[in-house]
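Student: I'd like a close look at one part of this protein, the buried interior and the aromatic rings in it. Could you walk me through that part in one go?

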Amino acid sequence: GCRLTVRLVRKCDLHIDPQPFVGYSAFMSTPGAENNPARTQHSAADGANRAGSAEQFQAGHEAEKAGRFDEALRAYIEALGGLPDQHSWYYRKGCVLMKMNRCQDAEMAFLQALELAPETPAYLTNLGVCLDRQGRRDDAVTAYRRSSRQGGGTAVAFHNLGAIYAEEGRA
């Protein structure tokens, strides 16, 4: 008779960033600056810094899409130097580092993103992938579970968690 063999293959693809690309215009306004001359002077410098950082990030994003990961990483680092509170930028930095097979560094970038935006499913999913690639399966399972809490997880998190359970013979 016929014999069917099923082979489980675990796929740990990067999760695509669910957030839209944020251009520099989102970082330009400084409320209240128009009524205060001292703030106007500071705000103009701040606005220029924000625009410069956002332009650096955009350059990094373009380099990443073109597969120029070293260039993208440099741009993301420079952009974050001017605007260190942009969690999605740390996420992109982590994605580039993963593409460069620098999982320990990527882990740190994802943790920085999560510090600014806790419980973000995409960030937790890629953190799980990083941890799994480093052989830290229990930590990866924790990240995937956190990602999928209350039904908000990514398909990749559910898939990878299921694959780990299947490999370990758990239900």
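Tutor: Here's a walk from the overall layout into the core, then out to the cysteines and the helix packing. Keep in mind that this is a predicted model.

Let's start with the layout. The chain has 7 helices and 0 strands, so reading from the N terminus you get α-α-α-α-α-α-α. Of its 171 residues, 40% count as buried.

Now for the core itself. The largest nonpolar core holds 38 residues, and the ones touching the most other members are W89, Y91, F110, Y123 and Y144. Helices from one end of the list to the other feed into this core: α1 (37-65), α2 (69-82), α3, α4, α5 (121-133), α6 (137-147) and α7 (155-167) each supply at least two residues. As background, nonpolar side chains in soluble globular proteins tend to be buried together.

Next, the rings. Searching the whole structure turns up 4 aromatic pairs. Take Y91 and F110: their ring centres sit 5.7 Å apart with the planes at 45°, so this pair is tilted. Stacked would need planes under 30 degrees apart, and edge-to-face over 60. Y91 belongs to helix α3 (residues 87-99) and F110 to helix α4 (residues 103-116), so the pair ties together parts that are 19 residues apart in sequence. How buried are the two partners? Y91 has 0% relative accessibility and counts as buried, and F110 is buried with a relative accessible area of 0%. Both names should ring a bell, since Y91 and F110 are among the core residues that touch the most other members. W89 is on that list too, and W89 also forms one aromatic cluster with F57 and Y76.

While you're looking at α3, find S88, which is found in that helix. S88 is buried as well, at 11% relative accessible area. Its C-alpha atom is separated by 9.9 Å from that of Q112, and the two residues are 24 apart along the chain.

You'd probably check the cysteines next. The search of the whole structure finds 0 disulfides. Why do C103 and C130 not count as one? The sulfur of C103 has its closest cysteine sulfur in C130, 4.6 Å away, and that is too far for a bond; the cut-off is 2.5 Å. C130 is in no disulfide either, with the sulfur of C103 as its nearest, at 4.6 Å. Both are tucked away from the surface by the accessibility count: C103 is buried at 11%, and C130 is buried at 0%.

Finally, the helix packing around all this. Two packed helices are described by the angle between their axes and the distance between the axes. For α2 and α3, the axes come within 10 Å and cross at roughly 155°, which makes α2 roughly antiparallel to α3. The crossing of α2 past α3 is left-handed. For α6 and α7, the axes are 9 Å apart and the packing angle is about 140°. Over 145 would count as roughly antiparallel, so α6 and α7 are oblique to each other. α6 also passes α7 in a left-handed crossing.

If you want one spot to zoom in on, pick the tilted pair of Y91 and F110, then follow the chain back to W89 and its aromatic cluster with F57 and Y76.

Key. Residues are numbered from 1 along each chain as its sequence is written. This is a predicted model: local features need pLDDT of at least 70, side-chain atom pairs count only at pLDDT 80 or more; totals for chains, interfaces and linings use all residues. Side-chain values use heavy atoms; hydrogens and water are left out. Rings of Phe, Tyr and Trp (its six-membered ring) pair if their centres lie within 6.5 Å; planes under 30 degrees apart count as stacked, over 60 as edge-to-face and the rest as tilted. Helices (H or I, at least four residues) and strands (E, at least two) are DSSP runs, numbered from the N terminus. Buried means under 20% relative accessible area, exposed over 50%, partly exposed in between (1.4 Å probe, protein chains only). A nonpolar core is a set of buried Ala, Val, Leu, Ile, Met, Phe, Trp, Tyr and Cys residues joined through side-chain atoms within 4.5 Å. Axes are lines fitted to C-alpha atoms, for helices over the stretch in contact, and angles run from 0 to 180 degrees between N-to-C directions. Angles under 35 degrees count as roughly parallel, over 145 as roughly antiparallel, 65 to 115 as roughly perpendicular and the rest as oblique. A crossing is left-handed if the near helix is turned anticlockwise from the far one by less than a right angle, and right-handed if clockwise.
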